[in-house]
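Morning, everyone. I have two topics today: a strand, and some aromatic rings. Please have the structure open as I talk.

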Amino acid sequence: MPRIEHPSKLAAKVLPSALSAALIVAAFTVAPAAMAPAHAVPASEKPAATAFNEPAAEVRGTLPGGGRYVLHEPARWNGTVLMWNPGYGGAPEAAAAPNPTVQGWLLSKGYALAGSTAAAGGWGVEGLIGNQPALLDAVKSELGEPKFVVSWGSSMGGLTSVANMEAHPQMFDAALPLCGSVAGAIPMLNGSLDGAFVLKMLLAPGDTRLELVDVQDEPTRQAAFREVLDEAQATPAGRARIALAAAVAQLPSWTQPGTPEPSPRDYAAQQEQLYAAFMFGVISPRQPLEERAGGNFSWNTGVDYARSLNQSGQAQMVRSLYAEAGISLSDDLKTVNTAERVSADPLAVDYMQANATPLGDINGPVLSLHETGDTAPTVTQAGTYAERVRRNGDNALLRQAFVDRPGHCNFADAEIAATVTTLQQRLDSGRWASLAHPATLNRLADRIAKEDNLARGGSFASFQPPPDAASGTRRRQLGLRGTRRIRCADGGGG
């Protein structure tokens, strides 16, 4: 049983978000791709402050594995407990929701809320997965047996939420990943390697500061890539090559919140968006994750970058920029395709497969929420995860919702509330029907925003996310066939 440090039931407090945008090392100049920044909604979209005054009780304590936990009990429990997983670099104290407003709204609707931290920060997926049984024990000790247990979280926590479904299939009834790297760190960092590899091979192949893997000096690496990127952006040839590198990394062409979406033929504006997102989306800090894994877990052996470009959806933009610059795209593709490739450390790959690379082997409903212009991770994570779920024959259990805008985890409160409500309706009814259709979600979010004065945000949209362009090649090399459950933290089966 967890050690409860505050056994008396306290009034609910406003909690800091677990989605801190602080970097893992203060010297880093960009946030890692696995990390969720603090929840934010543009000021123009924020309604007047909303207070949810339902009485609630709070319990905090320490879990056997060393992590912290928090439990919030509503005045009238509806039988569902939402177990929150924080993003990369979360706060030292546990949180149970993405922000205080959503937390208050959920408690007012009768949800019990729980959350934990991992004993070790950074890429804490292993510890978070291992925490779940003890966290659920704490819930049962305080509240009794829940009717439904839902794993949810954002960014790295979104990944953890679907990993929990596979590691503890008898414990969780459903998952709700928000802006999650749901396909796992391996494809996410492989995509980053693709973009960094192309950029380096075409712009500075001999620059040893541009460490691709086995990173020894992250701050110097970051500064060097920034220098090369900015210098290249000043010339037509450099801009074309940045576009190629961003395209094979599958960055979207609308990445910057607060900017208008570039028109389909405005390739210069699209390239500006790719350039602006490149450091955050591609050159994310790698050294801390490699240290956790015990080595490099990324590789590009066997990847055909001409094929990756053709499957990126941005080939026409790249070809146009190359033609404008007067340089040969075929020559550059030959350069990167014949360059010496990067191989991975098998033991590091094994670690990241277990902590975690979800296989899409689910036995309960999963509803994921993404921004189409997310770069950390890119929305291709949703496509890759959906592909795995289909291969397992579980596609009837999965629904994916999208808001059509750039950003990472910048969901409006009504958007989050609508997805929680929708997943609850699916659990209660046993059927998806049209619950997760964009029109249905928009009507629901509109109603919640009006009735409860929550920020509305944008619109849910129909969107078909592409899978990772090189996922097939790498999946065959990895042997990722969707037949092995994610290992629990103790190495045992799920």
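**A strand and some ring pairs**

Start with one contact: the side chains of Glu58 and Arg60 are joined by a polar contact of 3.2 Å. Keep in mind that this is a predicted model.

Where does Glu58 sit? Glu58 is in strand β3, which covers residues 56-62. Is Glu58 buried or exposed? Its relative accessible area is 2%, and buried means under 20%, so Glu58 is buried.

Now take the whole strand. How many residues of β3 are buried? Seven of its seven, so the strand is mostly covered by that count.

Next, the directions. In a regular strand the side chains alternate between the two faces of the sheet. Look at β3 with that in mind. Ala56, Glu58, Arg60 and Thr62 point one way. Ala57, Val59 and Gly61 point the other way. Both sets are buried. Glu58 and Arg60, the two partners in our polar contact, belong to one of these sets.

Which strand pairs with β3? The partner is β4, residues 68-74. The two run in the antiparallel sense, and seven bridges link them. At one position, Ala56 of β3 stands opposite Pro74 of β4. The hairpin has five residues between the strands. Gly66 in this hairpin takes a positive phi, near 105°.

On to the rings. How many aromatic pairs does the structure hold? Four. I will show two of them.

One is Tyr88 with Trp123. Their centres are 6.4 Å apart, with 50° between the planes, and the pair is tilted. What does this pair tie together? Tyr88 lies in the loop between β5 (80-85) and α1 (100-108). Trp123 lies in the loop between β6 (112-116) and α2 (125-143). So the pair ties together parts that are 35 residues apart in sequence. Both rings belong to buried residues: Tyr88 has a relative accessible area of 0%, and Trp123 has 2%.

The other is Phe197 with Tyr305. Here the centres are 5.8 Å apart. Why is this pair called stacked? The planes are at 20°, and planes under 30 degrees apart count as stacked, so the name follows. Phe197 is in helix α4, residues 185-203, and Tyr305 is in helix α9, residues 305-310. So this pair ties together parts 108 residues apart in sequence. Phe197 is buried at 1% relative accessibility. Tyr305 is buried too, at 0%.

Terms used:
Residues numbered from 1 in each chain as written. Predicted model: local features only at pLDDT ≥ 70, side-chain atom pairs only at ≥ 80, totals over all residues. Heavy atoms only, no water. Helix = DSSP H or I, 4+ residues; strand = E, 2+ residues; numbered from the N terminus. Buried < 20%, exposed > 50% of the residue type's maximum accessible area, 1.4 Å probe, protein only. Polar contact = N/O pair within 3.5 Å; in protein donor to acceptor, adjacent residues only side chain to side chain. Pairing = 2+ DSSP bridges. Phe/Tyr/Trp six-rings, centres within 6.5 Å; stacked < 30°, edge-to-face > 60°.
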